[in-house]
Amino acid sequence: MRRRTIAITATALTLAASGCYRDTGAAGETAAPSGAPQQGLITNTPPGTGKVDRITWALYRGTTSIDPLTAGDYPEITVTSLMCESLFRQAPDGSVVSGLATALDFPDAKTAVLTLRDGVTFWDGSSMTADDVVFSIERNRDPKAGGYWAPVLNRVTSVEATGPRQVTLKLKQPDYWLRNVLSYMPGMVISKRYAEAQGRDYGTVKGGAMCTGSYKLGQWRTGDVLSVVRNDRYWNRAAAPLVRQIDFKGIPDEATLTAALLTGEVDGAYLELPLSTMDQVRASDAVKVYRGPSYLIDALIVADMGRGPLSDARVRRALSLAVDREAYIRTLYKGTAQPARALGTPGTWGYERAAFQSAWDALPAPKIDLEAARRLVQEAGAAGKTVRFGMSNEINKLATEANLFKTAAEKIGLKAELKAVSADAYSAFFLDPKARADVDGFFTTNYPNWADPGALYATLSIPGGPQDYGGYRNPDVADLLERARGAEDPGKRAEFTVQAQRALTEDMPWIPIVAPDTVLVLNAKLTGATVSSQHLFAPWADRLGGVG
């Protein structure tokens, strides 16, 4: 299933007055973003110093594609981000810096010019050209290609190589989210020659891949371990990984994963879902548990804003007031999450942090107020009405969450039913309106694709957006987010986003529950992996190695 279904930088960049993003120098170790909801979060483990021949890394399931076009769930993006590089790169602290491109200029509001880095080569030694970049972006723009990313490139009308190291994009509207869009899968560059030769097999077990990263594809058999091996011809000699080979293994069962981590059969894992055995893992000397800032938000999605008790904002607010978030954090997350005031949590503040901090502080802190919640239910005329929550007993998080909301609903005068489906069938709530018609709400662990709350808000607030599940319609919110996308000045961009956030928090088309941390479990003999949501979109193991 796609990532949202269970949810599905070395240099700093500044915005010059000319509208040009350019390198300004090397960045060092970064701390947790200002305003992180809890202290003690880090963005990186200390760099490794010793060479390591081979390690095993766990994913919650096996990898099905390594094509950026169709890499949309945790296993695919975690693996692909080690091998393929984007035009701009997300740093561990959420900022966006140069990657395969060194600059993005806007000579006018509807023209964007990429300056490409010299000396970049693919795994086979061939040079990356402007034609490769054009080809890669155009694949993602094509809605017929079957990829995920055409909507985020919908303001681009043409892409053209206008020099040996220059690509020009024409826009139908100003788009100052573009640099961010090009900092993850839509901005990853693949070899045009190789991809055209492989056709539909590109990115599969049969067709393989051809990228520019510090790791390249090793052995991969259908249903088996996928291995990446160090690219000893990597164009960036300043980043030479210490680990020669990483074997990625799908382990869906948490008891099996726990045993594998504690015995050393598995050397590391980013915990995409909360681990009920976390206390046991923490107590072991064999591994270390790290927590870092995260883009993640755990939330309830209202399935249809036009029907059922949850169609009334008062009932949504009442339900939020009745949920025991602290108990949920203790029971499920084992302390690796914080109550969320909004969907755009502190880990997503990749720019204008002071503005987002101030806006966050102005929002009411989540608290239980059953008396106020009951009044809201009565005012809405919803007392005694039934709310149906979609869930799966096969996924511990969903079962725990659904029962939490059932208890909350019953405490404030509502009735509650749980619509249980299989783990595989749960994705239908995100993909099929007919499945959503059977429930009033369902649960997600979601995130924006770069560190900006607006990137998440747009997906659910702009009509026809990729996460327009419940038909939420607030023209003012949609307009504010469109204006944020078209604002060159970061301060204005944040201002529009904050205004949209304020209305979204009042309307609650999604009810924010908690903000999970990035959780990394790593063999005690290893260090150097990223500890933030950057591991989803950029190389996270280049500094991984043995403990000195």
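This passage describes one sheet of a predicted model, a helix that lies across part of that sheet, and a pair of helices in contact.

The sheet is open and consists of six strands, arranged in the order β16-β20-β15-β19-β17-β18 with mixed pairing. The edge positions are taken by β16 (337-339) and β18 (415-420); each of these has a single partner strand, so one side of each is left without a neighbour in the sheet. On average, and with direction ignored, neighbouring strands are turned by 30 degrees against each other. Strands of a sheet pair through backbone hydrogen bonds, either parallel or antiparallel. The antiparallel sense is found for strand β15 (residues 297-302) and strand β20 (residues 510-516), which pair over four bridges. Within β20, Val 514 stands opposite Asp 298.

Helix α9 (residues 325-333) lies across four strands of this sheet, namely β15, β16, β19 (441-446) and β20. The helix runs at about 50 degrees to β20.

Helix α8 (residues 313-322) and helix α11 (residues 370-379) form the helix pair, with axes that come within 8 Å and cross at roughly 160 degrees. Angles over 145 degrees count as roughly antiparallel, and α8 is therefore roughly antiparallel to α11. The crossing of α8 past α11 is left-handed. On the α8 side, the contact is made by Arg 314, Arg 317, Ala 318, Leu 321 and Ala 322. The α11 side contributes Leu 370, Ala 372, Ala 373, Leu 376, Val 377 and Glu 379. Sorted by class, the contact of α8 with α11 comprises eight nonpolar and three charged residues, and no polar ones.

How values were computed
Residues are numbered from 1 along each chain as its sequence is written. This is a predicted model: local features need pLDDT of at least 70, side-chain atom pairs count only at pLDDT 80 or more; totals for chains, interfaces and linings use all residues. Side-chain values use heavy atoms; hydrogens and water are left out. Two strands pair if DSSP finds at least two bridges between them. Helices (H or I, at least four residues) and strands (E, at least two) are DSSP runs, numbered from the N terminus. Axes are lines fitted to C-alpha atoms, for helices over the stretch in contact, and angles run from 0 to 180 degrees between N-to-C directions. Contact means heavy atoms within 4.5 Å. Angles under 35 degrees count as roughly parallel, over 145 as roughly antiparallel, 65 to 115 as roughly perpendicular and the rest as oblique. A crossing is left-handed if the near helix is turned anticlockwise from the far one by less than a right angle, and right-handed if clockwise. Ala, Val, Leu, Ile, Met, Phe, Trp, Tyr, Cys and Pro count as nonpolar, Asp, Glu, Lys and Arg as charged, and the others, Gly among them, as polar.
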